[in-house]
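Reader: I would like a close look at one helix packing in this model. Please keep the definitions explicit.

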Amino acid sequence: MRNHTIASCLISAALLGFASAPSAQTVYRIVGPDGKVTFSDKAPVSAQQGKVSDIGVGANVVSSGSSSLPFELRQVVSKFPVTLYTTDSCQPCDGARSMLTSRGVPFSERTVTTPEDSSALRRLTGDTSLPAVSIGSQRLKGFSASEWDQYLDAAGYPKSSTLPDGFKNAAATPLVAVQKPATPAAKAAEKAVAPPPVSVPPAANANNPAGIQF
């Protein structure tokens, strides 16, 4: 019992430690002009620095009914957004998703299926273990219902669902949105300039011998 109390205090302290801090930073995937890929918590200030994809860590929960969440739950979600990281054919990932859904926790889901996704996940959590979850700026690796429940309790999420009828979490999206490079044909098409239209003078006729047109 004493150990459980100490663990709960430590979890609460961890969550309170960042409660007054800004929301979890967004991570950007930047593709430079030379094709080199880098990750940064700062977006490039100009297009010349490279194309950017927001891969996020504390992304806002997007859903069909987010505006109708109960006030208390909406407040918790704004302070401690939940993001679930999963992959295909992963039974623990299915269990984690089911646990969050059953408890009524609004969350965004990011899938990890490509090497770029894995690199981004390692940057965010320190390794590539799945499933993983972020609750605010706290990151938990591996699914443990009891541990996740403790952190959700400390963050203030209800122990049972208070979601309105019809609420749905947004569909899962890739952790890194990869932009396919333009093909040589597409680049050539972008540079091609359409020739100016040829002006054909109006034909003269008996009623308009000068070919005047208004």
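Author: What follows starts with the whole chain and then turns to one helix pair.

This is a predicted model, in which local features need pLDDT of at least 70, side-chain atom pairs count only at pLDDT 80 or more, and totals for chains, interfaces and linings use all residues. Residues are numbered from 1 along each chain as its sequence is written, and side-chain values use heavy atoms, with hydrogens and water left out.

The chain has 6 helices and 8 strands. Helices (H or I, at least four residues) and strands (E, at least two) are DSSP runs, numbered from the N terminus. Along the sequence their order is α-β-β-β-α-β-α-β-α-β-β-α-β-α. Of the 214 residues, 31% are buried. Buried means under 20% relative accessible area, exposed over 50%, and partly exposed in between (1.4 Å probe, protein chains only). Among contacts with a separation of 6 or more, 68% join residues 24 or more positions apart. Contact means heavy atoms within 4.5 Å.

Now the helix pair. H3 spans residues 91–103 and H5 spans residues 145–155. Their axes come within 11 Å and cross at roughly 40°. Axes are lines fitted to C-alpha atoms, for helices over the stretch in contact, and angles run from 0 to 180 degrees between N-to-C directions. H3 and H5 are therefore oblique to each other. Angles under 35 degrees count as roughly parallel, over 145 as roughly antiparallel, 65 to 115 as roughly perpendicular, and the rest as oblique. The crossing of H3 past H5 is right-handed. That is, the near helix is turned clockwise from the far one by less than a right angle; anticlockwise would be left-handed.

Which residues make the contact? H3 supplies Ala 96, Met 99, Leu 100 and Arg 103. H5 supplies Ala 145, Trp 148, Asp 149, Leu 152 and Asp 153. The split is 6 nonpolar, no polar and 3 charged. Here Ala, Val, Leu, Ile, Met, Phe, Trp, Tyr, Cys and Pro count as nonpolar, Asp, Glu, Lys and Arg as charged, and the others, Gly among them, as polar.

Take Leu 100 in H3. Leu 100 counts as buried because its relative accessibility is 1%. Leaving out residues up to four places away in sequence, Leu 100 touches Val 82, Leu 84, Val 105, Phe 107, Trp 148 and Leu 152. Val 82 is 18 residues from Leu 100 along the chain, and their C-alpha atoms are separated by 9.4 Å.

One loop residue deserves a note. Ser 89 sits between strand S4 (82–86) and H3. Its phi is near 50°, a positive value in a residue other than glycine. Ser 89 is exposed, at 83% relative accessible area.
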